[in-house]
Amino acid sequence: MSTEWDGMITFLGTEDLEKTHKFYNGVLGFPLYKDQGLCRIYKVEGGGKVAFCSHIKVLAEEKSPILTFLTDDVDKVYEDLSQAGFDCHKPKENPKFKIYHLFTKDPNGYSVEVQKFLD
């Protein structure tokens, strides 16, 4: 296939667009790419977009889905999340996957992982 792709958006449900906005825009710093009223799309620097829609059902299990965001400064994100009052696991190395990462939950109950590759 020779299609040239322009990007990717993952759409997920939310029951509260404002709380979700405060987390993704206010705490993580993702710029609002587009506000469609029922959906808000956020640009993830480095590639891709994540969107939350009030007309889509929230489907969050224990660790599914996992939204993983990559950064070299996992410790800074941990500080930002902690200062904003979010309960998150202290960053640690995972030798099995050769990553340094942390987990938290967003306001919708989705698992959010922040990680950097160590190899």
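Start with the largest pocket, which holds about 500 Å³ of space in this predicted model. Select F30, V44, T68, F69 and L70: among the 22 lining residues, these lie nearest the pocket's centre. Now color by element. β4, β5 and α2 are the elements that give two or more residues to this lining, and β5 has the largest share, with 5 residues. Switch to coloring by residue class and you'll find 12 nonpolar, 6 polar and 4 charged residues around the largest pocket.

Stay with F30 for a moment and show its surroundings. Apart from neighbours within four places in sequence, F30 is in contact with Y24, N25, Y42, K43, V44 and F69. Two of those names, V44 and F69, you have just clicked on as residues nearest the centre of the largest pocket.

**Into the core**

F30 is also a good way into the largest nonpolar core. Which residues of this core touch the most other members? Select Y24, L28, F30, F52, L67, F69 and L81; they are the ones, out of 21 residues in the core. Then bring up the elements behind it: α1, β4 (49-53), β5 (66-70), α2, β7 and β8 each supply at least two residues.

**Helix α2**

Next, select residues 74-83, which make up helix α2, and show V74, V77 and L81 as sticks: these residues are buried. Look down the axis and see how they line up. They cover an arc of only 60 degrees, which puts them on the same side of α2. What do the buried residues of α2 pack against? Turn on α1 (17-27), β7 (99-105) and β8 (111-117), and you have the packing partners.

Still in α2, pick Y78. With 24% relative accessibility, Y78 counts as partly exposed. Beyond residues up to four places away in sequence, Y78 touches C88, H89, K90, P91 and L102. Try a distance as well: from the C-alpha atom of Y78 to that of H101, 23 residues apart along the chain, it comes to 9.5 Å.

Walk off the end of the helix and you come to G85, which follows α2 and has a positive phi, near 90 degrees.

**The second pocket**

H89 and L102, both touched by Y78, take you to the second largest pocket, where they are among the residues closest to the centre. Its volume is about 280 Å³. Select K63, H89, L102, F103 and T104 to see the residues closest to the centre, out of 13 that line it. β7 gives the most to this lining, with 5 residues. How many residues of each class line the second largest pocket? There are 3 nonpolar, 4 polar and 6 charged.

**Two loops around β7**

Go to K98, in the loop between β6 (92-94) and β7. Check its backbone: phi is positive, about 55 degrees, although K98 is not a glycine. That's worth a second look, because most residues other than glycine have a negative phi. K98 counts as partly exposed, at 47% relative accessibility.

Now hop to the loop between β7 and β8 and select G109. This glycine is partly exposed as well, with a relative accessible area of 24%. Leaving out residues up to four places away in sequence, G109 touches A60 and E61. If you draw a line between the C-alpha atoms of G109 and K90, 19 residues apart along the chain, you should get 18 Å.

**Last stop: helix α1**

Finish in α1 with T20 and E18. Is T20 buried or exposed? Its relative accessibility is 1%, so T20 counts as buried. Show its contacts, again leaving aside neighbours within four places in sequence, and T14, F52, P107 and N108 come up. F52 should ring a bell, as one of the residues that touch the most other members of the largest nonpolar core.

E18, by contrast, is partly exposed, with a relative accessible area of 41%. For a final distance, select the C-alpha atoms of E18 and R40: these residues are 22 apart along the chain, and the atoms are separated by 9.8 Å.

Notes:
Residues are numbered from 1 along each chain as its sequence is written. This is a predicted model: local features need pLDDT of at least 70, side-chain atom pairs count only at pLDDT 80 or more; totals for chains, interfaces and linings use all residues. Side-chain values use heavy atoms; hydrogens and water are left out. Buried means under 20% relative accessible area, exposed over 50%, partly exposed in between (1.4 Å probe, protein chains only). Helices (H or I, at least four residues) and strands (E, at least two) are DSSP runs, numbered from the N terminus. The arc is that of the directions from the helix axis to the C-beta atoms. Contact means heavy atoms within 4.5 Å. A nonpolar core is a set of buried Ala, Val, Leu, Ile, Met, Phe, Trp, Tyr and Cys residues joined through side-chain atoms within 4.5 Å. On a 1 Å grid over the protein atoms alone, a cavity is a set of points where a 1.4 Å probe fits but cannot get out, and a pocket is an open set with protein on both sides within 12 Å along at least five of seven lines; lining residues have an atom within 4 Å of a point. Grid points are joined across faces, edges and corners, and a volume is the space filled by probe spheres set on the points. Ala, Val, Leu, Ile, Met, Phe, Trp, Tyr, Cys and Pro count as nonpolar, Asp, Glu, Lys and Arg as charged, and the others, Gly among them, as polar.
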